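Here is a friendly walk through a protein model, strand by strand. Keep the picture at hand as you read.

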Amino acid sequence: QVQLVESGGGLVQAGGSLRLSCAASGSFFSINNMGWYRQAPGKQRELVAAFTSGGGTNYADSVKGRFTISRDNAKNTVYLQMNSLKPEDTAVYYCNADVWMSSGRARGYWGQGTQVAVSS
């Protein structure tokens, strides 16, 4: 059973910083395209930042220059450093990854989500 477990959310004042972590656990062959999405109340889930299959990164325009995605492949962990937080960044943040099994099959997994709240 593969699990993605997020941590690091919380309440912070506008202008503050938070660092989210997402660790993958379980039995799998490889894990790729790890990234972060968020969903605010009444809104659709949206991409925040993610690694691409080519090794690059994608960021939502709204977070460029403020958020940084990074990873530790040895730990199967992806991070999201969030600086200069704004109230509009308030959302549940979800980790996502494509997981390949030794059978050659692959599927996407989601974490349970971690709440980020930014007060004005």
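In this predicted model, strand 2 (residues 10-13) lies alongside strand 11 in the parallel sense, and 4 bridges link the two. To find one of these bridges, start at G10: its partner in strand 11 is V116. Strand 11 also pairs with strand 9 (residues 91-100), this time antiparallel and through 3 bridges. Here you can look for V92, which stands opposite Q115 of strand 11.

Now turn to the two faces of strand 11. T114, V116 and V118 make up its covered face, while Q115, A117 and S119 are on the uncovered one.

Let us stop at T114, which belongs to strand 11 (residues 114-119). Is T114 buried or exposed? Its relative accessibility is 10%, and since buried means under 20%, T114 counts as buried. Leaving aside residues up to four places away in sequence, T114 touches E6, G8, G9, L20, A91, V92 and Y93. With G9 there is a polar contact as well: the side chain of T114 reaches the backbone nitrogen of G9 at 3.3 Å.

Next comes a sheet elsewhere in the numbering. Four strands form an open sheet in the order 1-3-8-7, paired antiparallel. Strand 1 (3-7) and strand 7 (67-72) each have a single partner strand, so they stand at the edges, with one side lacking a neighbour in the sheet. On average, neighbouring strands of this sheet are turned by 15 degrees against each other, direction ignored. Within the sheet, strand 3 (residues 18-25) and strand 8 (residues 77-82) are joined antiparallel by 6 bridges. A23 is a good place to look, with T77 as its bridge partner in strand 8.

Conventions. Residues numbered from 1 in each chain as written. Predicted model: local features only at pLDDT ≥ 70, side-chain atom pairs only at ≥ 80, totals over all residues. Heavy atoms only, no water. Buried < 20%, exposed > 50% of the residue type's maximum accessible area, 1.4 Å probe, protein only. Polar contact = N/O pair within 3.5 Å; in protein donor to acceptor, adjacent residues only side chain to side chain. Contact = heavy atoms within 4.5 Å. Pairing = 2+ DSSP bridges. Axes fitted to C-alpha atoms, helices over the stretch in contact; angles between N-to-C directions.
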